[in-house]
Each structure stands twice: as structure tokens, then as C-alpha cells.
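This report describes the surface, the fold and two backbone angles of one protein chain. Please consult the sequence and the structure shown below while reading.

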Amino acid sequence: MAKGNFSYRIRRTGKDDELEALVVLANMLAEELRESVFHAGFINPHRTYKNLLESSFILDADFVIKGYNANALEVLGFSCEMLDNKPFNSILAESSLASWNRVAAEIPHQDHYRSRLELVFINQDESLVSFYCSISRILGCSSILISTVGCVIEETIDTDGVVVAEAPQLLGGLYRHSDIALMQDVYDYILENLDSTLPSIKELSRIFGTNEHKLKCDFKLLFKTTIYQFYTNERLKKAHLLIQQTGMPFKLIASSCGFNNYSNFLKGFKKCFGCSPMAVKRRGGGFRL
């Protein structure tokens with residue numbers, strides 16, 4: 001929070017004491033600061049993916065951590081001693097335990113178990129961080145693989161990229177700050193759901209309480225691209241980083257970035273980057289077992 005990232009929250013103690021009260025107040029302050037900064041009119045249309053970290057854990061049949069890659073240590077801030085032979089649920093926040101327990105109950109009964117689940121982890125500094133995880137049985141044994149890819153977002157805020165509410169004409173012909181705030185919500189929604197099919201313009205209009213014409217025009221005025229083109233380009237940029245920095249199979253990368261048709265993914269990738277996915281140099285990290 002001190003560095004300006006108001007997405008993090010301090011883990012609550014659950015006790016009825018002064019420390020718990022301070023934690024609640026600090027989390028509320030972070031929420032207020034986040035909303036205040038946003039509603040003051042700060043907006044930056046140049047946020048993009050900077051880096052990706054593929055974190056993986058290998059669990060035994062009793063869901064005890066038996067292996068992990070170096071990124072898992074970096075993301076959570078743990079040492080090897082803090083992860084070796086520890087129950088996986090010991091690094092999960094209380095809010096994720098019920099979901100994890102349901103999955104743990106299903107895994108032993110399905111040799112080809114595979115699912116995706118959002119889990120909240122406890123960092124070494126006791127802060128909480130959320131990831132969408134892929135959970136699957138390793139074929140031919142009882143071990144379980146849990147993997148996730150965390151995105152590091154690059155913010156390139158400068159004086160030209162910041163719009164303030166007091167400006168007579170805010171940006172690109174938009175005059176109301178509420179219009180810009182709405183388009184920023186649409187922008188963030190698309191970034192957060194790149195692995196899903198983009199809703200139609202009609203459905204997006206319903207979700208954000210506006211009309212189709214205004215949604216299309218205002219988004220293009222603000223971000224200089226159409227909604228669909230922005231969605232496609234961001235998926236391809238994410239796929240490019242996954243290819244560079246992980247060892248995931250190409251078809252799995254395409255699927256995880258929302259491309260249901262692999263041929264369309266290959267065509268779009270080549271058009272965007274001038275080369276096929278196979279031509280991108282890969283440098284995925286290995287496991288510590």
C-alpha cells in the first residue's frame with residue numbers, strides 16, 4: 001500500500017482486539033484511497049502486460065507440497081524451508097479453504113481430474129494475493145499439479161496520459177468525467193476477462209448500463225481502437241508473453257487466452273507479430289523437486 005498499490009489488503013486476525021481494529025481501518029483506508037484516486041479523474045489508457053510469472057506446485061496424494069518452481073518462491077516470498085512438506089491449505093487464506101476442500105474431495109475419485117479455481121494465497125508478509133489456478137492429476141501417479149500465471153501490469157503514467165475531472169474537455173470529445181470512468185470500467189473488465197469470450201456489444205451495454213452506440217463511440221474516442229480490436233490485441237500480447245516466459249503447450253496458451261479456434265489464433269498471432277508462435281524464443285523455468 002505504501003508503494004501506491006491499493007489492491008492489497010492486510011490479513012485479518014479474527015480476534016476482537018485493537019490490532020484487528022487497526023487492520024480493518026487500514027484495509028478500509030486502502031479501499032477509500034483507491035476509489036478517491038480513481039474518482040479524482042486519473043486515467044491511463046496505456047496499461048499493458050510487462051511480465052508473467054508461471055508458478056507451479058506439485059502435491060502428493062495427501063495434498064502436501066512436494067515440489068515447486070522458483071517463481072512460486074518469488075511470488076509468495078517464501079523460502080524453501082517454509083514450503084517443503086507443508087500442507088497446501090496452510091498457504092491459503094481462510095476465504096479459499098471451503099473451495100479448496102471441495103476440490104480436494106473430488107480429486108481422489110477422478111484419474112483425469114482437471115479444473116480451474118480462484119484461490120487466495122497468504123504471502124510471507126501476511127498479505128493476500130489472488131490467482132486463478134489450474135488444478136490437475138498427473139497421469140500415471142497420484143500427484144497433483146497446481147499452476148497459475150500471475151501478470152505484472154506496467155503503468156506508464158505521464159502528464160499526457162492523465163486526465164483530470166476539472167478539464168473542460170476531458171479527452172477525445174468526452175465532456176463528462178462519468179463517461180471516462182465508465183469507459184475505464186469497460187477497459188478493466190476486458191483485461192480481467194481475457195480468457196473468456198468477449199460479450200457482444202449489446203450485452204456489454206447492458207452490463208455497464210449504457211447504449212450500444214455510446215459504448216462503441218466513447219471507447220474508440222478514449223482508447224483509439226475498437227472494443228473488439230483491443231480485446232484481440234491484448235489476448236495476443238498475453239499469449240506472446242506466455243510463449244516467451246513459460247513452457248505451456250501452444251494450444252493450451254491459445255485456450256487460456258480465450259482462443260477457441262487454434263487456426264484463428266495462429267493467423268491472428270502472425271498478423272500481430274509478423275511470425276508464428278513457434279518462432280518465438282522460449283525460456284520457461286524448471287521445477288524444484
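The chain exposes about 16,300 Å², and carbon and sulfur atoms supply 53% of this area. Accessible areas come from the Shrake-Rupley method with a 1.4 Å probe, and for residues only the protein chains shown count as cover. The model is predicted: local features need pLDDT of at least 70, side-chain atom pairs count only at pLDDT 80 or more, and totals for chains, interfaces and linings use all residues. Residues are numbered from 1 along each chain as its sequence is written, and side-chain values use heavy atoms, with hydrogens and water left out.

Of the 289 residues of the chain, 40% count as buried (under 20% relative accessible area; exposed means over 50%, and partly exposed lies in between). The chain contains 10 helices and 6 strands; these are DSSP runs (helices: H or I, at least four residues; strands: E, at least two), numbered from the N terminus. Among contacts (heavy atoms within 4.5 Å) between residues at least 6 apart in sequence, 58% join residues at least 24 apart.

Most residues other than glycine have a negative phi. The table lists two residues with a positive phi.

| Residue | Phi | Loop location | Relative accessible area |
|---|---|---|---|
| Phe63 | about 65 degrees | between strand E1 (48-59) and strand E2 (65-69) | 16% |
| Lys224 | near 60 degrees | between helix H7 (212-223) and helix H8 (227-245) | 63% |

Is Phe63 buried or exposed? Phe63 is buried, whereas Lys224 is exposed.

Key. Buried means under 20% relative accessible area, exposed over 50%, partly exposed in between (1.4 Å probe, protein chains only).
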